[in-house]
Structures are given as structure tokens and as C-alpha cells.
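Notebook open, model loaded. I want to look at the places where parts touch, and jot down what I find.

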Number of protein chains: 2
Amino acid sequence: MKVLSSPEEIYAQLDFLRRQGNRIGLVPTMGALHDGHLSLVREAKRECDIAVTTIFVNPSQFGPNEDFAKYPRTLDSDLEQLSAIGCDFVFVPSNDHIYPPGHTTFIEPPAVAANWEGKIRPGHFRGVATIVLKLFNMLPARVAYFGRKDYQQVAVISAMVRDLNVPILIQPCETVREPDGLAMSSRNRYLSAADRVRAIGLWHALSKAQSMIDDGFRNVAQIESAMREILNKVPVDSIDYAAIVDPESMEPRTDLDSPVVAIIAARVGTTRLIDNSLLRIQ
Amino acid sequence: MKVLSSPEEIYAQLDFLRRQGNRIGLVPTMGALHDGHLSLVREAKRECDIAVTTIFVNPSQFGPNEDFAKYPRTLDSDLEQLSAIGCDFVFVPSNDHIYPPGHTTFIEPPAVAANWEGKIRPGHFRGVATIVLKLFNMLPARVAYFGRKDYQQVAVISAMVRDLNVPILIQPCETVREPDGLAMSSRNRYLSAADRVRAIGLWHALSKAQSMIDDGFRNVAQIESAMREILNKVPVDSIDYAAIVDPESMEPRTDLDSPVVAIIAARVGTTRLIDNSLLRIQ
């Protein structure tokens, strides 16, 4: 496994491989890797000839009161894990390689960024879309892998790639969960033992939505209430949203005539968690 | 010369040529072609194996009170001229190919877009940057050619390409002028005979700035005053700006210790004209 730190090194190492016909798969991450990330790299290995992981804690996607400074940074362990599963290249740029002095161009993200995370974290998807487009331009990848745990992020990136005609395929991958159902997340390591127990409430609420649909419930408001009820019973410390939305537009849905996504963001202790589940209708 | 109308056709025709090692040069235009555009195509022919011109009157770069609807559209004559000088491909997309329903992602342009045209035409560079990035993503070009007549546009596109790591070379080309000095522009055809005479005032003002510097003047405010004086004597109908700016940042300059650009935007009759000149110091 080779570690690269500049766009020039990427080009020197990867363009020749691309021109030889290798299919390159890209897994953009902010490090603090867990089995969710590793499953993306494994998928890239399975589908492509060369897997490239990027590790960069992107400042432009954090709000001024968010956890950029204390976001977990575990580079040694990240590299060890990536090497162990056969990742071919890791791109670990410095901030100056990504945002040199004078960098002022950003992406104004698509409409699907407006609600939910976009509303609660102003500027978040602007930062996400910008760094992701930059990585797509730097790396000659054919496919990029993203976890469905960040459902709206995948929707934003997919819409951006479509709108701006970016020549890359976006491959969403299933959320990886702990045995009890908690979605893997770099932020889970913030959880105290007691909070870890409460964090499972998000998955219970999502599971409840599915079981209500399986039981024939068709009233969206009723299902959303049941999700909140479970979250409040845990209790979580606050709920940002618990909603049933359209899987494409992410607009609120009032019918269940076609598949929907249940999405939740809630705070447990000082940790903000998000999760979602694509719900099967009957 | 082949005329293409969809991104799929571009790919079918051009990707094979690119993979065979051809260097592809791109000339994005809004049609209504004049010798300025043709000089860009000739430069692309000279430097590249294949020259591609695009013709698309981009609605997103026009303000609500601007001339989108009446912008000159002269496709037959454009194609004839391009064919005559050996252009290889022309991409003439429909609006739906460029902005299909749901298109909502845009580029937030770099800082160099803030002043001058950016201030007077809000949203203009957002539209320019977005269409240009889309064309860069659709077309496998190695170099793109732009006329220096739109000096700030070239600066915006160059900064965007640098900031977003777009793998293309931006090649600015000299402004082509009528024998009396008027910069060629699609909007010149709006000018009445009397306005055509007055339009030359922009070039006279720019030339005055150079001759004052040649004569040893070093006071920027004095040179800007002289430019305005010439424009007012013509007279033009209004002056949006007549300024001496830094050729990189386009910030106002107060010294002449290194090269500067003189930029002018003025209205002659109902036609808004812009022009500029890179000034040699001593």
C-alpha cells in the first residue's frame, strides 16, 4: 500500500495505471475508520482493479460550533487497517494541498441539500460537495463508494455529479451496523458507556417504522409519531428530525405508495447521531 | 465538420479519438461568431489535433433584465464560418441537454468574480462558471481557449480550474480588434452607425492610459480620470467602470510598480460594451 500526499504524486502513481486500463475505485473518508469504511474499500477491491482511499478531515464541511478540532484523528490505525485489507493507495493530503491560499471557489449544492442536515448544518453540504468534486478531479477514478448511513450526502453527491456532468459513477453501499443495530460511525467513539446503550434508540425507532408498515399501517404522521415516541422513551437528549421522506427528492412524504426512507438525527449526550432506513412497503 | 447535440454523441465521437492520443482543444462560445472567436478556433487547430467549438447561449449567465432573449443567434452562419476554417466538431446542445429538469447545482465563483462585472451583473459569473465546468466535464479536452476581451471571465475560469483541480489547461488569447481598434464582440452588431463611431471611445481611453504611462505618468487616479474624460468627451451614455486593476486579483491598484490592466465597461446607446488592455510599465 502506498501513501500519497499531493495531487502530483497521485498523478505520477495513478495516471499510468489508469492508462493501462485499470479501473480505479475511490473511497473518500475523513479517517477514524471503522468497519463501515472498510466495507466500502472491500467493495472497491471487489469491483475495481485498484482501490484508493482518501483521508482528509475537511474543514469546510464543519460549522463554526461543530467538532472539527476534536474530530477523531487516528491515522496510524487507519493505515494499518487499510493495509490489512489490501487497499492499494491512500491519499492523505495536507490542508494546504486541498485549500491553498486564495482558494475561494465552492459548490452551491443541489436542491436535495436544502432540508434536514442542510438546514441544521448550514454550509455543511457546500463543503462536502466541494471537497468531493475536488477529489473526483484529482483522482482518475471510475467509481466512488459512499455509505448509505449518510443518506442525504449520497443524494447530494449523486445530484451534483449528474448536474455538473462529472464523469464518475457513484456507488452507494449498505450501512454497516454493530450486532445490536447501531450504525457504525466515527462519532460513536464519543459515546460514554451509558450513552452507547441509549444510542441504539435510533435503530429501534427505524425498525419500529418498518414493523408498523409490515403490520399494515399507512398513516405517515402516525409512524413518525411512533418513531419520536421511541426516541423520547430512551430517552435521547434531543431530536433534530425523525421523518419519512422520498428516497429521491428527500421531500417529506405523506403517502406510502412507493418506497420511502425513514431518517433520524438525534443527540445522545454530547454526540449527534444520524441514521436512516429504506422502508419496504408491504 | 460534425455537429453534435448531446453529451452521448460527444462521448461516442470524441472519446475514441482522445484514447488514440489526440489532443483536443475546446472553444466555448455563445455563437454569433466573429473573428475573435475564429482566432480562438485557429489557435486550437494550431496547438491541438482536434478543435471542438461549443455554441450555447447560456441562460444562467444572463440577469433578468439582460439581453438573453434578444442575444444574436446566427447558427447557420456560425457553422459555415467554423467549417471554412477547418473546425472538426461543433457541439450545439439544446437547453434540456444542459439544464434538464431538476438541475440545481451551481458553482459559487472565486473571489476574483466579486468586483466589476460580478458586481454589476449579479449571478453572471455563477452562470459562466457553471456552464464552463459542465462543458469541461462533458468534453475530453486538454486545453480550452478564451478571449482576453472578457478579461475577468478568464480570471474567474482560471481560478475555478485551479481551486477545483479541474484537469484542463486554460489558454487566454489576444483580443481581436477592428482596424480602428474596437474590440470584436457579438454585441457590436447591436450598434447603430452613429453608435459604432462612439464605441471606439473605449479603445481610445485604453490607449490613452498606455500613452500616459509611456510618458512617465505614475499616478493611477490621474490616469483613471483621463480615461473617464475621454469616455465623457465621446460621449458614451454611461460608464460602469474605468479602472486600473491588478492583473491577477483584479483588485484596484494604486501603484504602477508592476503590470496592471485597464478595464472599461460603458454603455453606447442601448449596447453595453467592455474592453481592457494589459498596460506595459516603462
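How many residues of domain 1 of chain A are in contact with domain 2 of chain A? I looked it up in this predicted model: twelve residues on the domain 1 side meet eleven on the domain 2 side. I then noted who supplies the domain 1 side, and α7(A) has the largest share, with three residues. Sorted by class, that side of domain 1 holds eight nonpolar, three polar and one charged residues.

Next I wrote down the bounds. Domain 1 of chain A covers 2–173, and domain 2 of chain A covers 186–277. Their centres, taken over C-alpha atoms, are separated by 26 Å.

Then I turned to the other chain. I find 21 residues of chain A in contact with 21 residues of chain B. On the chain A side, the elements giving two or more residues are β5 (106–108), α6 (124–138) and α7 (151–163). Of these I marked α6(A), which gives the most, with four residues. For the class tally of this side I get 13 nonpolar, five polar and three charged residues.

One more look, at the strands. Which way do β5(A) and β5 of chain B run, parallel or antiparallel? They run antiparallel, and three bridges join them. The chain B strand spans residues 106–108. I followed one pairing down to residues: Glu108(A) has Phe106(B) as its bridge partner in β5(B).

Last note to self: α7(A) turns up twice, on the side of chain A that touches chain B and on the side of domain 1 that touches domain 2 of chain A.

Terms used. Residues numbered from 1 in each chain as written. Chains lettered and ligands numbered in written order. Predicted model: local features only at pLDDT ≥ 70, side-chain atom pairs only at ≥ 80, totals over all residues. Contact = placed C-beta atoms within 7 Å. Nonpolar A, V, L, I, M, F, W, Y, C, P; charged D, E, K, R; others polar. Pairing = 2+ DSSP bridges. Domains from an automatic or database assignment.
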